[in-house]
Amino acid sequence: MSLFARNVSILWVLMLFLSSANNVMAVTTVDQLLIEATNSLDGNLDLTISCNNIDPAHHLLRPGTYHEWIYSGDIPSSKPPFLCSFQWQGASHLFNMYDPRQDFDCEECHWYIKQSGPCRWYSGTTRTYRCSKWN
């Protein structure tokens, strides 16, 4: 391999390494963020939510009730505060209720938790629900 080709290869490896390191250590800062989760499960089921990165408590939500968190500060990509577990009879799932790459338009994120996945209410000009799949 020529000296030029070797130097170009080393440069590419270095660029890939720095790019992946940047993604791992990415941090977003928010002034104030409201996350609300409503139990919208069919079948009159109770829902337990736990978001251990922000709140050590387990929140039991009866049908139609909600819990909200108000958060400000850093949101590191390596430990997202709203990566939460959702449990109800016969099921257990994970979902990140705030990802700055896709929820950048959200200062108040209203989530409706359903068996098929969480649905976020968009109150802007579209006024619609957008549902996601469980992680």
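Let us start at aspartate 105, which is partly exposed, with a relative accessible area of 45%; here buried means under 20% relative accessible area, exposed over 50% and partly exposed in between, with a 1.4 Å probe and protein chains only. The model is a predicted one, in which local features need pLDDT of at least 70 and side-chain atom pairs count only at pLDDT 80 or more, while totals for chains, interfaces and linings use all residues. Residues are numbered from 1 along each chain as its sequence is written, and side-chain values use heavy atoms, with hydrogens and water left out.

Aspartate 105 has a partner: it forms a salt bridge with arginine 120, and their closest N and O atoms are 3.2 Å apart. A salt bridge here is a side-chain nitrogen of Lys or Arg within 4 Å of a carboxyl oxygen of Asp or Glu. This pair ties together distant parts of the chain, since aspartate 105 sits in the loop between strand 6 and strand 7, whereas arginine 120 belongs to strand 8 (residues 117-122), 15 residues apart. Arginine 120 counts as buried because its relative accessible area is 3%. Look also at Asp103, which joins Asp105 and Arg120 in a network of salt bridges.

Now step back to the whole chain. It contains one helix and nine strands, in the order α-β-β-β-β-β-β-β-β-β along the sequence. Helices (H or I, at least four residues) and strands (E, at least two) are DSSP runs, numbered from the N terminus. Of the 135 residues in the protein chain, 33% are buried. The protein chain exposes about 8,700 Å², and carbon and sulfur atoms supply 54% of that area, as found by the Shrake-Rupley method with a 1.4 Å probe. Among contacts (heavy atoms within 4.5 Å) with a separation of 6 or more, 55% come from residues 24 or more positions apart.

Isoleucine 75 is a good place to look at such contacts. This residue lies in strand 4 and counts as buried because its relative accessibility is 3%. Leaving aside neighbours within four places in sequence, isoleucine 75 is in contact with Ala26, Val27, Thr28, Val30, Leu33, Pro81, Tyr98 and Pro100. Take alanine 26 from that list: it is 49 residues from isoleucine 75 in sequence, with 8.5 Å between the two C-alpha atoms.

Back to the charged side chains: the whole structure holds four salt bridges. One of them joins arginine 62 to aspartate 46, with 2.5 Å between the closest N and O atoms. Here too, distant parts of the chain are linked: arginine 62 is in the loop between strand 3 and strand 4, aspartate 46 in the loop between strand 1 and strand 2, and the two are 16 residues apart. Arginine 62 is partly exposed, at 46% relative accessible area, and so is aspartate 46, at 29%. In another salt bridge, arginine 101 pairs with aspartate 99, their closest N and O atoms being 3.0 Å apart. Arginine 101 counts as exposed, at 70% relative accessibility, whereas aspartate 99 counts as buried, at 13%.

The two loops that hold arginine 62 and aspartate 46 deserve another visit. Glycine 64 is in the loop between strand 3 (55-61) and strand 4 (66-76), and its relative accessibility of 56% makes it exposed. Apart from neighbours within four places in sequence, glycine 64 is in contact with Thr38 and Asn39. Its C-alpha atom is 10.0 Å from that of leucine 47, 17 residues away along the chain. Asparagine 44 is found in the loop between strand 1 (27-39) and strand 2 (47-51) and counts as exposed, at 63% relative accessibility. Its phi is near 60°, a positive value in a residue other than glycine. Most residues other than glycine have a negative phi.

Let us finish on the surface, where Asp31, Glu68, Glu107 and Glu108 form a patch of negative charge. Such a patch takes residues with over 30% relative accessible area and no salt bridge, joining like charges within 9 Å and nonpolar side chains (Val, Leu, Ile, Met, Phe, Trp, Tyr) within 5 Å. Lys and Arg count as positive and Asp and Glu as negative, with His and the chain ends not counted; each charge is placed at NZ of Lys, CZ of Arg, CG of Asp or CD of Glu. Glutamate 107, one of the patch members, lies in the loop between strand 6 (91-96) and strand 7 (108-114) and counts as exposed, at 63% relative accessibility. That brings us back to the loop of aspartate 105, between strand 6 and strand 7.
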